[in-house]
Amino acid sequence: SATMAAPVGYEPRLACANLVLGDFDPRVEWILSQPFLMEGDDHGTTRKHIPDYLLSRPDGSVCVVDVKPAAKLQIPAVRDSLDWTRREVEAHGWEYRVCSEPDPVPLANVQFLAGYRHGFQFDPGQVDAAADVLGAPVTFGEAVRAVTPIAGEPPFARSLVLHLLWTQRLRTNLSHLLSTTSVLEPT
């Protein structure tokens, strides 16, 4: 996790997919896996549940996240457990979200960009210089060409541009697969 600068646990792979999307969200500043055990009475039924994630934001707000396959959301026992969790979490003034299978194209883009998420891999001066050069909308291919003099070689320039997309100093429409013709804009 770039957000935590450390590993964050997940199980199963569906949780990993949603974790990567949370790591990409600029509003998330802290991620905790399986943050606490909830126990309580739900109209005569004793419930125990461990949510998948706790996300905190710079404004102090908190979001508790459960990840479930969409097919399981129709199972009454699962639905009842998640409904109870929602009531309990929201009673504390926190947001509650149930995530399922994300849209595959944005997920593929974010998973690809995650390879360029760690700032320690990049010279901060080159990152800032690349962001300065890319002050107007350009295609991905044009961005790589513009940053090559800063990075020294096209593969390093490409990495810098992808890092700027991960850190959201640049943005593009992630609902379409990234390509050399994707239009990038400064944020």
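In this predicted model, N109 is in contact with L174, H176, L177 and L178, once its neighbours within four places in sequence are left aside. The residue is found in helix α3, and its relative accessibility of 3% lies under the 20% limit, so N109 counts as buried.

**Helix packing around α3**

Helix α3 takes part in two helix pairs that can be described in parallel terms. Two packed helices are described by the angle between their axes and the distance between the axes. The table sets out these values for both pairs.

| Helix pair | Angle between axes | Distance between axes |
|---|---|---|
| α1 and α3 | about 70° | 10 Å |
| α3 and α6 | about 120° | 9 Å |

The angle between α1 and α3 falls in the range of 65 to 115 degrees, and the two helices are therefore roughly perpendicular to each other. Their crossing is left-handed, and the residues that meet are A17, V20, L21 and F24 on the side of α1 and L107, V110, Q111 and L113 on the side of α3.

For α3 and α6, the angle of about 120° leads to another description, and these helices are therefore oblique to each other. Here too α3 passes α6 in a left-handed crossing. The contact is made by V110, F112 and L113 from α3, together with R158, L162, L165 and W166 from α6. V110 and L113 are thus named in the contact with α6 and also in the meeting of α3 with α1.

**Nonpolar cores**

The largest nonpolar core has 26 residues, and within this core V147 and V161 have the most contacts. At least two of its residues are supplied by each of the helices α1 (13-24), α3 (104-113), α4 (124-133), α5 (140-151) and α6 (154-166). The largest share, seven residues, comes from α6. V161, when residues up to four places away in sequence are not counted, touches L134, F140, A143, V144, V147, L170 and L184. A second core, separate from this one, has 12 residues, among them V8, I31, L55 and C63.

**Sheets and strand pairing**

One open sheet is built from four strands in the order β1-β4-β5-β6, and its pairing is mixed. β1 (30-33) and β6 (95-99) stand at the edges with a single partner strand each, so one side of each is left without a neighbour in the sheet. On average, and with direction ignored, neighbouring strands of this sheet are turned by 20° against each other. β1 and strand β4 (residues 53-56) run antiparallel and are joined by four bridges, and within this part of the sheet S33 stands opposite Y53 in β4. Helix α2 (residues 76-91) lies across β5 (62-67) and β6, and the helix runs at about 155° to β6.

Another open sheet has three strands in the order β7-β9-β8, with antiparallel pairing. Its edges are formed by β7 (138-139) and β8 (170-171), each of which has a single partner strand, so one side of each is left without a neighbour in the sheet. Two bridges pair β8 with strand β9 (residues 183-186) in the antiparallel sense, and L170 stands opposite P186 in β9. L170 is also one of the residues touched by V161.

A further pairing joins strand β2 (residues 38-42) and strand β3 (residues 45-49), which pair in the antiparallel sense over five bridges. The bridge partner of D42 is T45 in β3. The hairpin of β2 and β3 has two residues between the strands, and in this hairpin H43 takes a positive phi near 55°.

**The chain as a whole**

The protein chain contains six helices and nine strands, and 40% of its 187 residues count as buried. Taken along the principal axes, its C-alpha atoms fill a box of roughly 70 × 30 × 25 Å. Among the contacts in the chain with a separation of 6 or more, 58% are accounted for by residues 24 or more positions apart.

Key
Residues are numbered from 1 along each chain as its sequence is written. This is a predicted model: local features need pLDDT of at least 70, side-chain atom pairs count only at pLDDT 80 or more; totals for chains, interfaces and linings use all residues. Side-chain values use heavy atoms; hydrogens and water are left out. A nonpolar core is a set of buried Ala, Val, Leu, Ile, Met, Phe, Trp, Tyr and Cys residues joined through side-chain atoms within 4.5 Å. Buried means under 20% relative accessible area, exposed over 50%, partly exposed in between (1.4 Å probe, protein chains only). Contact means heavy atoms within 4.5 Å. Two strands pair if DSSP finds at least two bridges between them. Axes are lines fitted to C-alpha atoms, for helices over the stretch in contact, and angles run from 0 to 180 degrees between N-to-C directions. Angles under 35 degrees count as roughly parallel, over 145 as roughly antiparallel, 65 to 115 as roughly perpendicular and the rest as oblique. A crossing is left-handed if the near helix is turned anticlockwise from the far one by less than a right angle, and right-handed if clockwise.
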